[in-house]
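Q: I've got a model open on my screen and I'd like to learn how to read it. Can you walk me through some of its features?

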Amino acid sequence: MPDVLANKIAAGEVVQRPASVVKELVENSIDAGARLVRVFTRSAGRDLIQVVDDGCGMSETDAVACFRRHATSKIRSIEDLEQIQTLGFRGEALASISSVARVELRTRRREDTVGTLVKVEGGAGRPAEPCATPAGTSVSVRNLFYNVPARRNFLKTPATELRHIVDTVQSLALSNPATGFELRHDETALLRVDAVVGDDRVRRRTSDVFGADIGDHLVPVSETTSYLRISGFVGRPERHRKTPADQHLFVNGRMVRSRYLAHAVKSAYENMLPEAAYPFFVLFLDLDAQHIDVNVHPTKAEIKFDDERGVYGFVRAVVKKALGMADLIPQLDEGANLPGLMTGVYSALDAERDPSSSTAWPGQDWTTQSSYASGENTRPEWAEALYGGSDAEVKLERRPVEGELRYWQLADRYIATPLRSGLLVVDPVGAHQRIIYEHALEGMRSGRGLAQQLLFPETVEFASGDFELLLELLPHLRSMGFEVEEFGGRSLIVRAIPADVRQAAAEHLLREFVEEYRLGRDRGSLSREENIARSIARRGAVRAGARMSPTEMSSLVDQLFLCASPYTCPSGHPTMIRLSTEELARRFAR
Ligand code: ADP
Ligand code: MG
């Protein structure tokens, strides 16, 4: 097979989109020991991708050779293959890219006085020419896929392609804090970060990449076992996005995509997130290279572990523990959503987001695979270590100031109460839903939900479909506190309802419950019990506009803090917001 053809075929795998070119070129720069890597793009990489570094540069011979397939300076033996330290190792990237684009390479080693210019087009190179160029390497890739119309037409909207480029550069920047990065698109600076060193370099790099305010939203994650080490940060629940863009995972320093592990992280948030939300994370997994196979895909973005389920369970448990230890009350602060430089870009991009790039992970059920991580079956040794402690202390800290009742209701809805460390504002609607939800689940588990007797038992007649459905759910309803019996025809008689449900709801409760239950079932991501609990919570909670006495407010807030996940309602919206004294000081500029 002629080389040109082989390269074009390989290109199909290595170069899927402009972002893949960016990734390969930047990784080469990092491998070349660059201190600063600059990326310039035009038309989301279709017209131009240029990567300029101040790394070691190449000799004239190497500059010509590097476009040949399997020309890599990074692997010399089979042993090298076992312990790959550099990011590139197949020697295919430049050959592949140059077979589907017009490439110009300028490079000079520090010790040479004259640099080398090599132009390659459609896989065919012209002779090298001497040129004046700074020490380091500059590769420009123009008209990507000009000779592969199918690929070119297959590209997504510029916004999507640019988002992938930004994502890629962010990832590379996160995993290489000792290198400075710059990304400019059509003359706009999208990212500029200086090299950072020191123990907190990952946190600093993360803030530099995502904007200083991300710092307030980071929950540190760190755990080591004999098999695996995990470190990095996950975002507090409120710092989620509607696309997986802000999820960065590195295995032994390599950026990888793993929907499996992304799912493990998300599942650790349990019901703290809305359904279609993606939590923020920057996580580094380090383990013995013999436990992984990075070679499953030429772009090296996918990965296999020899103990996939173990890794899933570990990641989930570690993140869950980190979230459990963190103070997760949403903070009231400015610009809570997005950082400086990126804000404009993302809001523009979000508007244009194409749905295909943000499809949620299909509703696969991993829970069975990871059930030991939640402590149901025998736990591995690391899980014991993780769950040994409790977060009761943290909870106590969060309790409002004791003593006289100090609760105010704002706008006939929100409850404000002072905390030791600031002011807490609670939304009683979400809070009440959370309480009912957890009590209902507990009731169904134990079969002993608390009931409140109705003064006058009620008979309710149902449409036929609804009636059968209710009969089917009757055991569940009873275990969470309903006293319900068949009453002839398609009627039920209700003598008691769950204790937390607001009294006034009794009359319509079961009717509205059926309706809500159906909606939840059609959405399909909840277990039957979760759906029942959620439906009762949504229909049985206080409504906006209900006046509450100080005693009611205090008991609601107390009960909320006794919940397992007090910070969000069952649909994932916040139940409370805190204004810290630090934030107040900041705002008063003291
Ligand atoms: P790989 O990175 O897998 O070795 P590439 O096709 O990406 O393969 O690169 C081929 C070779 O070209 C590299 O092994 C390296 O020697 C050289 N090279 C590529 N980019 C640079 C760069 N920016 N600076 C110095 N050398 C480079
Ligand atoms: Mg490479």
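Q: Let's start with a pair of charged residues. In which helix do Glu-442 and Arg-445 both lie?

A: Keep in mind that this is a predicted model. When two residues sit in one helix, look at their spacing along the chain. Here Glu-442 and Arg-445 are both in helix α14 (residues 428-446), three residues apart, or about one turn of the helix. Their side chains make a salt bridge, with 3.3 Å between the closest N and O atoms.

Q: Is each of these two partners exposed or partly exposed?

A: Exposed means over 50% relative accessible area, and partly exposed runs from there down to the 20% limit for buried. Glu-442, at 39% relative accessibility, is therefore partly exposed. Arg-445 has 65%, so it counts as exposed.

Q: Which salt bridge links residues that are 19 positions apart?

A: For a pair like that, check which element holds each partner. Glu-121 and Arg-102 meet through their side chains, at 3.4 Å from N to O. Glu-121 belongs to strand β4 (residues 115-121) and Arg-102 to strand β3 (residues 102-108), and the pair links distant parts of the chain. Glu-121 is partly exposed at 34% relative accessibility, and Arg-102 is partly exposed too, at 31%.

Q: What does the salt bridge between Arg-528 and Glu-472 tie together?

A: Again, find the element on each side. Arg-528 is in helix α17 (residues 528-540) and Glu-472 is in helix α15, so the bridge ties together parts 56 residues apart in sequence. The closest N and O atoms of this pair are 2.6 Å apart. Arg-528 has a relative accessible area of 32%, which makes it partly exposed, and Glu-472 is partly exposed as well, with 45%.

Q: How many salt bridges does the structure hold, and which residues are linked in a network?

A: The structure has 30 salt bridges. One network of them links Glu-512, Glu-515, Glu-516, Arg-538, Arg-539 and Arg-543.

Q: On to sheets. What holds the strands of a sheet together?

A: Strands pair through backbone hydrogen bonds, and the pairing can be parallel or antiparallel. To read a sheet, write down the strand order. One open sheet here has three strands in the order β22-β24-β23, paired antiparallel. Its edge strands are β22 (451-461) and β23 (483-486), each of which pairs on one side only. On average, neighbouring strands in this sheet are turned by 15 degrees against each other, direction ignored.

Q: Which helix packs on the sheet and touches β23 and β24?

A: That's helix α15 (residues 464-479), whose direction makes about 145 degrees with that of β23. Helix α16 (residues 506-523) lies across β22, β23 and β24, and it runs at about 60 degrees to β22.

Q: How many bridges join β22 to β24?

A: Seven bridges join β22 to β24 (residues 491-498), and the two strands run antiparallel. You can find the register by picking residues that face each other: Ala-451 stands opposite Pro-498 in β24.

Q: Where else can I practise that, and is strand β25 enclosed or open?

A: Try strand β21 (residues 422-426), which is joined to β25 by five bridges, again antiparallel. Leu-424 stands opposite Arg-578 in β25. As for burial, four of the five residues of β25 (residues 576-580) are buried, so this strand is largely enclosed by the rest of the structure.

Q: Which residues make a nonpolar patch on the surface?

A: Look for nonpolar side chains that keep some accessible area. Trp-408, Leu-410 and Tyr-414 make a patch of about 300 Å². Tyr-414 is in strand β20 (residues 414-419) and is partly exposed, with a relative accessible area of 34%.

Q: Where are residues with a positive phi that aren't glycine?

A: Check the loops for these two. Asn-143 has a positive phi of about 50 degrees and is in the loop between β7 (136-142) and α6 (149-154). For Glu-187, phi is near 75 degrees, and this residue is in the loop between β8 (180-185) and β9 (188-193). Asn-143 is partly exposed at 27% relative accessibility, while Glu-187 is exposed at 64%.

Q: And what does the whole chain come to?

A: The chain has 19 helices and 25 strands. Buried residues make up 51% of its 590 residues.

Technical notes
Residues numbered from 1 in each chain as written. Chains lettered and ligands numbered in written order. Predicted model: local features only at pLDDT ≥ 70, side-chain atom pairs only at ≥ 80, totals over all residues. Heavy atoms only, no water. Pairing = 2+ DSSP bridges. Axes fitted to C-alpha atoms, helices over the stretch in contact; angles between N-to-C directions. Contact = heavy atoms within 4.5 Å. Patch = residues over 30% accessible without salt bridge, like charges linked within 9 Å, V, L, I, M, F, W, Y side chains within 5 Å. Areas by Shrake-Rupley, 256 points an atom, 1.4 Å probe, with all protein chains shown as cover. Salt bridge = Lys/Arg side-chain N within 4 Å of Asp/Glu carboxyl O. Buried < 20%, exposed > 50% of the residue type's maximum accessible area, 1.4 Å probe, protein only.
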